[in-house]
Amino acid sequence: MAQYAYLKSEWLIPLPNQFTAHQAMAIGTAGYTAALCVQRIIDFGIQPQDGLILVTGATGGVGSIAVALLAKLGYQVTASTSKIDEEYYLRQLGAVNIIDSQTLKETGKP
């Protein structure tokens, strides 16, 4: 809550020209983290036609933004969540499948 904050310059990233400060703050840390994760998927050459993408914690901040970003890019997203009652929300974000995250905790081989 300080009027000024002192940080190491290497901790900061420049604000892209296409964003206002308000937009950048609205996206926040969750949006930035989700975007980095999506970028890694792209960096590894995984394309939408390669199959389903699983997003765990899909109703959380990072997860919900990841679902929306991936869906917008044409990926078919399977959303894993413990909040199965949030199916409508996840489908609005673009998820094509919703699974109960408890099913991923079963013993045995993946």
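How far apart are the end C-alpha atoms of α1, and what would a straight helix reach? In this predicted model, local features need pLDDT of at least 70 and side-chain atom pairs count only at pLDDT 80 or more, while totals for chains, interfaces and linings use all residues. Numbering runs from 1 along each chain as its sequence is written, and side-chain values use heavy atoms, with hydrogens and water left out.

Helix α1 has 23 residues, yet its ends sit only 27 Å apart, short of the 33 Å of a straight helix at 1.5 Å a residue (expected span: 1.5 Å times one less than the number of residues; helices are DSSP runs of H or I with at least four residues, strands of E with at least two, numbered from the N terminus). There is a bend of about 80 degrees at G28, taken as the angle between axes fitted to the seven residues ending there and the seven starting there. Just past α1, G45 has a positive phi of about 80 degrees.

G31, A34, V38 and I41 are the buried residues of α1 (buried is under 20% relative accessible area, exposed over 50%, partly exposed in between, with a 1.4 Å probe and protein chains only). They pack against β1 and α2. D43, also in α1, is partly exposed at 47%.

As for the largest nonpolar core (buried Ala, Val, Leu, Ile, Met, Phe, Trp, Tyr and Cys joined through side-chain atoms within 4.5 Å), it holds 15 residues, with V55 and L70 making the most contacts inside it. At least two core residues come from each of α1, β1, α2, β2 and β3. Leaving aside residues up to four places away in sequence, L70 touches V38, I41, I53, V55, Y75 and V77, a contact being heavy atoms within 4.5 Å.
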